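Visitor: Please take me through one part of this structure up close. I would like to look at the place where the chains meet, and at the empty spaces around it.

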Amino acid sequence: MELFINLTLFFMLVVTALAILRMRHLFAVVALSGVFSLLCALLFVTLDAVDVAFTEAAVGAGISTVLLLGTMALTARNEKMPRSFSPVPLLVVVATGAVLIYGTLDMASFGSALSPAQTHVAAQYLERTPTDMGIPNVVTAVLSSYRGFDTLGEVVVVFTAAVGVLSLIGGLGRRRYKKEEAQE
Amino acid sequence: MNMEFILGHMNYWLFIILMMIGFYIVVARGNYIKKIVGLNVFQASVFMFYISIGKVEGGTAPIFPIDMNIDPQVIYSNPLPHVLILTAIVVGVATTSLGLALIVRIREEYGTIEEDDILEIDSAAQVSENRKEGASMGGRA
């Protein structure tokens with residue numbers, strides 16, 4: 001049953017991604033990217049990552065879509081027709097995919113309790129969280145306490161990005177006004 | 001290559017196929033907004049790949065009962081990939097917004113967000129500059 005759900009969701013994801021590839025209308029592309037994020041969130045739920053599903057639905061489908069729509073409103077609505085089809089990108093992509101699939105052949109099979117990812121420190125976190133923190137959600141405990149410095153680093157990255165965005169487009173309205181004045 | 005091996009690894013391969021569709025959108029399409037969407041598709045596929053590594057067969061989400069009476073029989077999935085991907089999603093949106101701000105600036109300067117047009121404008125500017133410099137240097141440049 002789980003395999004069936006996974007395969008169905010995967011099929012929908014592929015159709016969405018191919019539609020993003022084919023569409024020339026940027027509004028449709030942005031809307032489909034929101035659909036893609038929500039389907040991802042569903043897949044995260046079936047993979048037991050409910051916190052990630054939450055974040056993906058709120059941040060991936062919500063904030064990203066709003067940002068993309070804003071950019072679209074400030075720039076262009078349609079994609080230009082490509083001049084010619086080039087086989088080089090396709091070759092690069094197929095070669096990369098083949099190498100990546102070759103890389104997975106050594107991996108433990110999906111859901112195995114004996115894979116290296118499962119046998120290392122993960123069990124420790126699950127064991128210690130009730131006594132160390134006393135809160136039910138292990139992901140929260142790891143995120144904000146055991147690996148709190150990671151989260152601090154994340155905040156620094158978000159702050160840097162915010163400063164970058166503000167310095168890039170901060171004076172947009174003012175510059176436009178000046179340009180109009182100069183034209184007059 | 002038996003059936004069990006294929007079923008056990010199929011999830012990884014499916015996510016790699018999705019990743020490659022995203023990658024193709026990034027390299028083959030000239031519109032910058034579409035490139036960013038492609039990058040998001042690629043990124044989301046990497047997230048799903050990561051999360052699928054943390055899944056344990058028959059496991060459940062790593063959240064204990066509220067009264068903290070933990071049944072030792074219950075298997076919980078690995079919480080570590082979830083934590084890493086939570087961080088990665090937020091950082092991903094930060095980088096996306098920076099990329100989109102760059103696109104807005106590019107549009108302001110060039111009047112277009114198509115890669116072909118921008119390359120054309122750049123090479124035309126280069127040619128005219130070479131001509132101007134060449135004249136001042138006696139036609140040698």
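Guide: Start with the contact itself. In this predicted model, 81 residues of chain B are in contact with 89 residues of chain A. The area buried between chain B and chain A is about 7900 Å². Carbon and sulfur atoms give 76% of that area. Why quote an area at all? The size of an interface is often given as the accessible area lost when the parts come together.

Now look for charged pairs. The rule finds two salt bridges across the interface of chain B and chain A. One of the salt bridges joins K55(B) to D48(A). Their closest N and O atoms are 3.1 Å apart. Polar contacts come next. Across the interface of chain B and chain A there are 15 residue pairs in polar contact, counting pairs with both residues at pLDDT 80 or more.

Which helices of chain B do the touching? α1, α2, α3 and α4 of chain B each give two or more residues to the side that touches chain A. The largest share of that side comes from α3(B), with 22 residues. Sort the residues on this side of chain B by kind. There are 55 nonpolar, 15 polar and eleven charged residues.

Next, the empty space. Rolling a probe the size of a water molecule over the atoms shows where empty space is left. Take the closed spaces before the open ones. The structure holds two cavities of 30 Å³ or more.

The largest cavity has a volume of about 180 Å³. Its lining has 18 residues. Nearest its centre lie S37(A), E56(A), G60(A), S64(A) and N40(B). Both chains supply helices here. From chain A, α2 (26-46) and α3 (50-74) each supply at least two lining residues. From chain B, α2 (32-54) and α3 (79-110) do so too. The lining of the largest cavity divides into seven nonpolar, ten polar and one charged residue.

The second largest cavity holds about 50 Å³ of space. On chain A, its lining residues are L3(A), N6(A), L7(A), F10(A) and L43(A). On chain B, they are M10(B), N11(B), L14(B) and F15(B). Two elements give two or more residues to this lining: α1 of chain A and α1 of chain B. By kind, the lining of the second largest cavity has seven nonpolar, two polar and no charged residues.

Move on to the pockets, which are open. The largest pocket has a volume of about 480 Å³. Of the 21 residues that line this pocket, the closest to its centre are P82(A), S84(A), A28(B), R29(B) and G30(B). Three helices each supply at least two lining residues: α1 (2-22) of chain A, and α1 (3-28) and α4 (115-136) of chain B. Among the elements, α1(B) gives the most to the lining of the largest pocket, with three residues. This lining is made of eight nonpolar, three polar and ten charged residues.

The second largest pocket has a volume of about 210 Å³. Chain A lines it with E2(A), L3(A), N6(A), S109(A) and F110(A). Chain B lines it with E4(B), L7(B), G8(B), N11(B) and E57(B). Here too, α1 of chain A and α1 of chain B are the elements that give two or more residues. The largest share, four residues, comes from α1(B). Three residues of the lining of the second largest pocket are nonpolar, four are polar and three are charged.

Finally, compare two of the lists. L3(A), N6(A) and N11(B) are among the residues lining the second largest pocket. L3(A), N6(A) and N11(B) are also among those lining the second largest cavity.

Notes
Residues numbered from 1 in each chain as written. Chains lettered and ligands numbered in written order. Predicted model: local features only at pLDDT ≥ 70, side-chain atom pairs only at ≥ 80, totals over all residues. Heavy atoms only, no water. 1 Å grid on protein atoms, 1.4 Å probe; cavity = no way out; pocket = protein on both sides within 12 Å on 5 of 7 lines; lining within 4 Å. Points joined across faces, edges and corners; volume = space filled by probe spheres on them. Nonpolar A, V, L, I, M, F, W, Y, C, P; charged D, E, K, R; others polar. Contact = heavy atoms within 4.5 Å. Buried area = accessible area lost by both parts, 1.4 Å probe. Salt bridge = Lys/Arg side-chain N within 4 Å of Asp/Glu carboxyl O. Polar contact = N/O pair within 3.5 Å; in protein donor to acceptor, adjacent residues only side chain to side chain.
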